[in-house]
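Let's take a walk through the charged side chains of this one and see who pairs with whom. Have the viewer open before you start.

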Amino acid sequence: MVKLTADLIWKCPHFFNPLKERELDLRGNKIAVIENLGATEDQFDTIDLSDNEIVKLDNFPYLKRLGTLLINNNRVTRINPNIGEFLPKLHTLVLTNNRLVNLVEIDPLASLPKLQFLSLLDNNITKKPNYRLYVIHKLKSLRVLDFKKVKAKERLEAENLFASKEVEEEIKKESAKTVAPKEVPNVSEVAEEEETPKVVAPTPEQIIAIKAAIVNSQTLEEVARLEKALKTGQLPADLNIPGFDTNVAKGGDEKGDSDNQNEANAEPDKMDEEKNEEAAPMEQE
């Protein structure tokens, strides 16, 4: 956190911007509080306080020359109700990416008689119902809001919507209501969870069937998948083992690990014996 001192103001860059306005660049200094701007001696048309840590828009000296104020990427939550008394000619205010939440928080900007260009993008206030119409209603001189021109149709709609004080107060109250956000599961996570097959441990019968399926597999991919299931001891629920009925294993008593291993090792031996028996008659013929 850096204090905005007269020394810092004098050391920061100042130049003529593309609009041929004299600009003071105070951006990116971790400034938390606006102060000591009297040291500028009202010599600037534009002051850039972007990318700092400013919380409240206040404490301005009387700056009758200042026309543009850039406060984007800060932490502004409050605005001085009398800001217009100190910045009578301010016509452009950029408050993009701050922390304004409720509609009532922009009411102080109505004290700026010359305000024509305003940006409140990336503030939660923009998500409130009737946000744009409310701002147009409160700031009569506004020409551009959030980089979109204010149309005559919008002015008329805002005038009709806020024709009575009761309606305006009701909308303010509605805006001030805070609703605890519900935890919504990530769509991609839900989809991934649905797509990923559940993993179950194989029974002794399934181990035997897997080994048999490896012998009879016709593709390398199927062999690799079966070998992986055998090594990890986990059988994906969608794994289809040819010639094996998954209902057979249900209801049987579980045997010890040593018995499982003996049965698994015995199966290939049985298959070899069957092959030898088939080959013997052929040799005799």
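Which residues are linked in a network of salt bridges? This is a predicted model, and in it the network is made up of Arg 27, Asp 48 and Asp 51.

Start with Arg 27 and Asp 48, whose side chains meet in a salt bridge at 3.0 Å, N to O. The pair ties together distant parts of the chain, 21 residues apart: Arg 27 sits in the loop between strand S2 (22–25) and strand S3 (46–48), while Asp 48 belongs to strand S3. Their surroundings are worth a look too. Arg 27 is partly exposed, at 38% relative accessible area, whereas Asp 48 has just 3% and counts as buried because the cut-off is under 20%.

Next, turn to Arg 65 and Asp 45, which also form a salt bridge, again listed at 3.0 Å, N to O. Here, too, distant parts of the chain are linked: Arg 65 is in the loop between strand S4 (56–57) and strand S5 (68–70), Asp 45 is in the loop between S2 and S3, and the two are 20 residues apart. Arg 65 is partly exposed at 35% relative accessibility, and Asp 45 is buried at 17%.

A further stop is Lys 56 with Asp 58, where the side chains meet in a salt bridge at 3.6 Å, N to O. Lys 56 comes out as partly exposed, with 30% relative accessibility, and Asp 58 as buried, with 17%.

So much for the individual pairs; the full count for the model comes to six salt bridges. As background, side chains of opposite charge can pair when their charged atoms come close.

Definitions and conventions
Residues are numbered from 1 along each chain as its sequence is written. This is a predicted model: local features need pLDDT of at least 70, side-chain atom pairs count only at pLDDT 80 or more; totals for chains, interfaces and linings use all residues. Side-chain values use heavy atoms; hydrogens and water are left out. A salt bridge is a side-chain nitrogen of Lys or Arg within 4 Å of a carboxyl oxygen of Asp or Glu. Helices (H or I, at least four residues) and strands (E, at least two) are DSSP runs, numbered from the N terminus. Buried means under 20% relative accessible area, exposed over 50%, partly exposed in between (1.4 Å probe, protein chains only).
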